[in-house]
Amino acid sequence: MIAIYPGSFDPITLGHLDIIDRGCQLFEQVIVAVLRNPNKAPLFTVEERLTQIQHSTRHLSGVKVDSFDGLTVTYAKMQQATVLLRGLRVLSDFEKELQMAHVNKTLSGQIETVFLATSNEYSFLSSSLVKEIARFGGSVDHLVPQHVAVDIYRVFKNVAS
């Protein structure tokens, strides 16, 4: 069974990696799919995010890293996936994700959404929070893989210069 784990992953966090790792225990293949969203101004290009994710997941078998634009269910059908994998941190995530799961079900009745509760140690963590901490000079070493932290520090050093 193939699962799609879609998101912006700007940047990928240890919370994302926890969901990917646990998804690999449940599904034959997990496709980590970076959404190309022209309405957002990301910190990293899609190509940089793909590289960060590939490096972060190279120890996991059954992970494929890709990018897409358009509807997630359309991409899932193209990949012959039957599951959308989503992580939940807080109640507000559930409300938004449940609404999206219902919409996706109306678009494709063959695709199910599976929610994984985020592990306790990552329940507060988001990519936005990581960027805000780094923007103000804080350490993100405990929130993202080391190679991603280096990339983040490089970007914000260049912004500050």
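How far apart do the end C-alpha atoms of residues 4-132 lie, and what percentage of the span is helix and what percentage strand? In this predicted model, those end C-alpha atoms lie 28 Å apart, and the span is 43% helix and 22% strand. UniProt, in an unreviewed entry, lists residues 4-132 as "domain: Cytidyltransferase-like".

**Nonpolar cores**

The largest nonpolar core holds 33 residues, of which Ile20, Leu85, Val140, Val144 and Ile152 touch the most other members. The elements tabulated below each supply at least two residues of this core.

| Element | Residues |
|---|---|
| Strand S1 | 2-7 |
| Helix H1 | 14-26 |
| Strand S2 | 29-35 |
| Helix H2 | 46-57 |
| Strand S4 | 83-88 |
| Helix H5 | 127-135 |
| Helix H6 | 146-160 |

Helix H6 gives the most to this core, with five residues. Apart from this core lies another, of 10 residues, including Ile4, Ile31, Phe68 and Ile111. In soluble globular proteins, nonpolar side chains tend to be buried together.

**Helix H1 and Ile20**

Helix H1 has 13 residues, which at 1.5 Å a residue should span 18 Å; this agrees with the 19 Å between its end C-alpha atoms. At its N-terminal end, Thr13 acts as a cap, with a side-chain oxygen 3.2 Å from the backbone nitrogen of Gly15. The buried residues in H1 are Gly15, His16, Leu17, Asp18, Ile19, Ile20, Gly23 and Cys24. Leaving aside residues up to four places away in sequence, Ile20 touches Tyr5, Ile12, Val32, Thr57, Leu60 and Val63. Ile20 is thus listed both among the buried residues of H1 and among the core residues that touch the most other members.

Conventions:
Residues numbered from 1 in each chain as written. Predicted model: local features only at pLDDT ≥ 70, side-chain atom pairs only at ≥ 80, totals over all residues. Heavy atoms only, no water. Core = buried A, V, L, I, M, F, W, Y, C linked by side-chain atoms within 4.5 Å. Buried < 20%, exposed > 50% of the residue type's maximum accessible area, 1.4 Å probe, protein only. Helix = DSSP H or I, 4+ residues; strand = E, 2+ residues; numbered from the N terminus. Contact = heavy atoms within 4.5 Å. Expected span 1.5 Å × (residues − 1). Polar contact = N/O pair within 3.5 Å; in protein donor to acceptor, adjacent residues only side chain to side chain. UniProt positions renumbered as here; feature names shortened; annotations may be inferred.
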